[in-house]
Amino acid sequence: MTDLQYQTAMNLYGQGRHAEAGRLMQQAAQGGHARAMALVGYQMLAGRGAPLDRVSGVRMVMASAGKGEAMACTLAASLVAAGVFGQPDWPRALDYLRQGAEAGFPMAQAQLRLLAGRGGEDWRDLRREIDIGPWRTAPEPRVLSREPRVMAFEGLASPAVCDWLIAATRGRLAPALVYDPAGGKAVDGTRSNSALELGLADLDLVVLALRERLAAASGLPVLNMNAPQMLHYAVGQTFAPHVDFFDPDIPAQAQQIASIGQRAATVLVYLNDEGLEGGETDFPLLNLRYRGRRGDALVFFNLGADGQPDRRTVHAGLPPTKGEKWLLSQWIRDRERPGEGGPSGVNTPKA
């Protein structure tokens with residue numbers, strides 16, 4: 001019965017009858033159909049095709065992974081590495097990824113190859129060759145400003161990682177948003193670039209391994225991280241001077257600080273440079289402009305030694321005059337987000 005519900009739901013999706021398809025897929029998932037469980041779990045994690053419900057989504061994915069379903073095993077790898085169940089458990093995450101690859105899921109296979117640094121289809125050997133330890137180190141920084149602290153890390157991300165991020169994001173971007181005084185987000189004339197937040201459903205082990213390196217570069221824990229964002233600037237697109245910290249004098253932002261912490265640091269990873277002109281990150285009060293080569297990273301601290309916002313960190317994304325600019329942006333809070341079981345806002349479920 002659940003097989004029929006699943007197949008009928010897939011046919012209905014193909015016909016554009018999404019509401020009917022969603023109801024049947026939910027029924028198949030509730031009946032224990034492994035593939036339906038994986039799909040519904042993903043939809044709930046992403047808030048696409050089903051109401052956003054991260055806790056139920058995590059539980060559905062993990063139950064499907066327990067049945068060995070390929071997509072679910074691949075998603076489970078990311079959940080475990082993201083620290084949804086406590087501290088990130090990389091050995092367990094890599095085991096899930098191997099299971100997904102062995103079950104034939106192309107995304108799991110591609111991640112294993114990238115993380116192992118070679119091709120092949122010997123999934124167990126590839127998994128054994130992956131060591132997360134080197135990802136928890138960073139190159140020596142080049143200090144650009146001592147006060148406030150601004151540092152550049154050359155070659156922090158490999159070309160393969162940079163290309164992976166761009167390929168995974170291209171075609172999915174939307175106009176970038178800014179916070180309004182009431183605490184919401186909206187399109188604003190101060191910003192014309194595009195962006196995509198990588199929520200829990202979008203994270204994979206390549207992104208999560210890179211975040212381990214960003215934690216090493218910043219000296220702040222990975223569990224303090226917000227969901228990362230991919231940023232894209234076409235010719236002429238810009239982000240006017242702004243600060244990344246929450247302003248304690250604005251009530252809605254003061255509430256953010258009280259509930260989930262202040263944005264202590266920002267990391268920008270520059271993902272491309274070929275054919276790019278302009279597009280620097282500009283700190284007007286520091287007389288500093290920086291644009292990294294592909295794989296370089298910029299780390300700056302938004303708070304002073306006293307823990308208070310440092311308004312000298314005002315910065316702007318200058319427009320490219322030729323080519324396009326791709327960045328990964330990562331904010332890091334001054335404390336772990338309490339009770340959320342990981343960087344993407346999931347209460348810890350029982351797997």
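Exposed here means over 50% relative accessible area, and buried means under 20%. The model is predicted.

**View 1. The whole protein combines eleven helices and 16 strands.** Its radius of gyration is 21 Å, close to the 20 Å that the globule rule gives for 351 residues, so the protein is as compact as a globular protein of that length. Along the principal axes, the C-alpha atoms fill a box of roughly 65 × 45 × 40 Å. Buried residues account for 52% of the 351. Take the contacts between residues at least 6 apart in sequence: 67% of them join residues at least 24 apart. The protein exposes about 15,100 Å². Carbon and sulfur atoms supply 51% of that area.

**View 2. Helix α1 spans residues 2-14.** The helix has 13 residues. From first C-alpha to last, α1 reaches 18 Å, close to the 18 Å expected at 1.5 Å a residue. Q5, Y6, A9 and L12 are buried in this helix. They share one side of α1, because they cover an arc of only 130 degrees around the axis. D3, L4 and G14 are exposed on the other side.

**View 3. Neighbouring helices help cover the buried residues of α1.** The cover includes α2, residues 18-30. It also includes α3, residues 34-46. The residues being covered are Q5, Y6, A9 and L12.

**View 4. G16 lies just after α1.** Its phi is positive, at about 80 degrees. The helix before it ends at residue 14, and G14 is one of its exposed residues.

**View 5. Two cysteines, C73 and C162, are shown in a structure with zero disulfides.** A disulfide is a covalent bond between the sulfur atoms of two cysteines. The structure holds none. C73 counts as buried because its relative accessibility is 0%, below the 20% cut-off. C162 is buried too, with a relative accessible area of 0%.

**View 6. Q253 sits in helix α11.** This helix covers residues 251-260. Q253 has a relative accessible area of 12%. That value is under 20%, so Q253 counts as buried. Neighbours within four places in sequence are left aside here. Beyond them, Q253 is in contact with F245, F246 and D247.

How values were computed:
Residues numbered from 1 in each chain as written. Predicted model: local features only at pLDDT ≥ 70, side-chain atom pairs only at ≥ 80, totals over all residues. Heavy atoms only, no water. Helix = DSSP H or I, 4+ residues; strand = E, 2+ residues; numbered from the N terminus. Expected span 1.5 Å × (residues − 1). Buried < 20%, exposed > 50% of the residue type's maximum accessible area, 1.4 Å probe, protein only. Arc of directions from axis to C-beta. Contact = heavy atoms within 4.5 Å. Disulfide = S-S within 2.5 Å. Rg over C-alpha atoms; globule rule 2.2 N^0.38 Å. Areas by Shrake-Rupley, 256 points an atom, 1.4 Å probe, with all protein chains shown as cover.
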